[in-house]
Amino acid sequence: MAALLPVPAALRAKRRREAVRTLAFLSPWLIGFAVFFGYPLVSTLYFSFMHYDGFAQPTFSGLKNWRYVLTSYPFFWQGVRNTLWLVVVMVTLRVVFGLGVGMLITKIRTGAGFFRTAFYLPYLAPPVAATIGFAFLFNPGTGPVNHLLGTLGLPQPGWFTDPSWSKPALTLLALWGVGDLMVIFMAALLDVPREQYEAAELDGAGAWQRFRFVTYPNISPIVMFAVVTGVIQTLQYYTQALVAGKVASGIIGNSGQQFEPGYPQGSTWTLPQMVYSLGFQRFDYGSACVVALLLFAVAMAFTALLLRRRSGLMGAED
Amino acid sequence: MTDALPAAALRARPTPAARAARRRTALHWIAVHALGVAAALFFLLPFVFLFLTSMMSDQQALTSDLWPHHWAWGNYSKVWHTPGFLTWWRNTLLYAGLGTVLTVVSSLPVAYALAKFRFRGRRIALMAVISMMMLPPQVVVIPMYLFWAKQLHLSGTLWPLIIPMAFGDAFSIFLLRQFLLTIPREYLEAARIDGCGELRTLLRVTVPMARPAIAAVALFQFFSCWNDYFGPQIYAGENESAWTLSYGLESFKGAHHTNWNLTMAATLLVMAPVIVLFFFAQKAFIEGVTLTGVKG
């Protein structure tokens, strides 16, 4: 309605100045968004319908790539199953463990600074370094972990070399780096009003009831946030799985052999590695783009959860 | 419950109930700290074992010994003088250093506009930033690779990873915006009344106030470049002289197949800068992590 009323020239000029100013401030990102997000996304969609090996001209191939990936590519569903496993087990355990460590750190009175740093430190270890370190610690031959398990008379699994233990080993690596969640939960726990605990205690609530009826309702948005971002991160799970497979199999770059990701027996094979393998090892860019788009769709579905008003990620508007 | 007792009774000599309460507190202290020690062992022992192995001789590293017979400090200088290692250091510093500076400079004005300007499409723009932040890098890698390699002929270098950081980084924009929201409008109004333009307000008022958030963003970006494996693998993989530490470390393991001691020394040398930097900037870092949660 306001637009229909005559606007004084001075006000119009001010508005125009403001629009130019806003554009100027946003300009780096507007370019970045167009060139590094918009364009490649459209291009990924385009290539998913093309046959392209990076050398000959791309030719239109209709739904052939889609059909190939979903029905004949033998490793697609294995990758989906592994990714699903990681999403369910790794994310759940990381959130539970992160919350547990976060609660522990808020209760520690003596040496709190030392414990906080100790718990946080592994999160900082570069993933490649951490993975190679774990591949050593958990190597079945001479690794300290199996050495200790043997001393205690416990079974000594093959960890990164055994298809049924490789994902649990990667999960342990992920739990080791739980520091980010610990800090987020710690901040949330310290924000819970103390009076609510006192009131609950007066009502005779035990530890579990205090957690269930006071702590949890207060921190549930953060738990939700941790779960959703955890799922999105796990969809991108790449470096640790690939490096663990390479180190455990002994096939690394300059050994002359090409490493097929997923060692042992495809048990660490995930969707992002599929994009890499199809695109950069087999030069089937079209099929790689199909997998990329599927990955995109799932990631955006979870991002939509974060964007809902309730999640609070959009923050207060002023 | 002790709360039900009259205050006078508490002040007098300890009643059995008060003594029981104190004993409970002591037991609680012990239980909590015992758990803390157990958790600390879980988090720190891997570092200890890596270090101990890095100190072993070549022969001993092949055994399942936990403790080195002789402390072979020479392993570290051996790693340091491995061909390529210094080049990887230089490349990583260039990638992470330049990338951090570019990210902060390009993301700050965008975050400021998203936090403080009112304009149509602001919500959409923020949603787009969050979507970009959550995008797996593998989704757009095929066209981006073709763009950098086939059109700009920059494969075999780190430039395809550095240049985009001059155009804002979604995560940094988001984190800075969350912090800028907490700066009261009045400060900015006051600057404007004093005749500052928006750019001067940003540089003179906002930047000094947002120093902790800027420090956090810079650290995060530095670490994410330092840790990046996928980017260097795609763009620099074909050219060993452009490798970064994270990428080179893996091939170091390949070249020193049986020498776990040297590999562990190299691994710790790659971890060290990140950990040293953390000790210097711990506070900014923890604040930054908290800010990425649901706050603001």
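Start by selecting chain A: its radius of gyration is 25 Å, where a compact globule of 318 residues would come in near 20 Å. Keep in mind as you look around that this is a predicted model.

Now turn chain A along its principal axes. The C-alpha trace spans about 85 × 75 × 30 Å. Switch to a cartoon view and you can pick out 13 helices and two strands in this chain. If you colour chain A by burial, 41% of its 318 residues count as buried. A contact map is worth opening too: among contacts in chain A with a separation of 6 or more, 67% join residues 24 or more positions apart.

Next, select residues 179-190 of chain A, which form helix 8. How far apart are its end C-alpha atoms? They are 16 Å apart, and this agrees with the span expected for 12 residues at 1.5 Å a residue, because that also comes to 16 Å. Helix 8 of chain A is largely enclosed by the rest of the structure, since 10 of its 12 residues are buried. Show side chains for the buried ones, which run from A:Gly179 and A:Asp180 through A:Leu181, A:Met182, A:Val183, A:Ile184, A:Phe185, A:Met186 and A:Ala187 to A:Ala188.

Finally, bring chain B into view. Here 86 residues of chain A are in contact with 78 residues of chain B. Which element of chain A gives the largest share of the side that touches chain B? Select residues 9-47: this is helix 1 of chain A, and it supplies 16 residues. Colour that side of chain A by class and you will find 61 nonpolar, 19 polar and six charged residues.

Technical notes:
Residues numbered from 1 in each chain as written. Chains lettered and ligands numbered in written order. Predicted model: local features only at pLDDT ≥ 70, side-chain atom pairs only at ≥ 80, totals over all residues. Helix = DSSP H or I, 4+ residues; strand = E, 2+ residues; numbered from the N terminus. Rg over C-alpha atoms; globule rule 2.2 N^0.38 Å. Buried ≥ 20, exposed ≤ 12 C-beta atoms within 10 Å, placed from the backbone. Contact = placed C-beta atoms within 7 Å. Expected span 1.5 Å × (residues − 1). Nonpolar A, V, L, I, M, F, W, Y, C, P; charged D, E, K, R; others polar.
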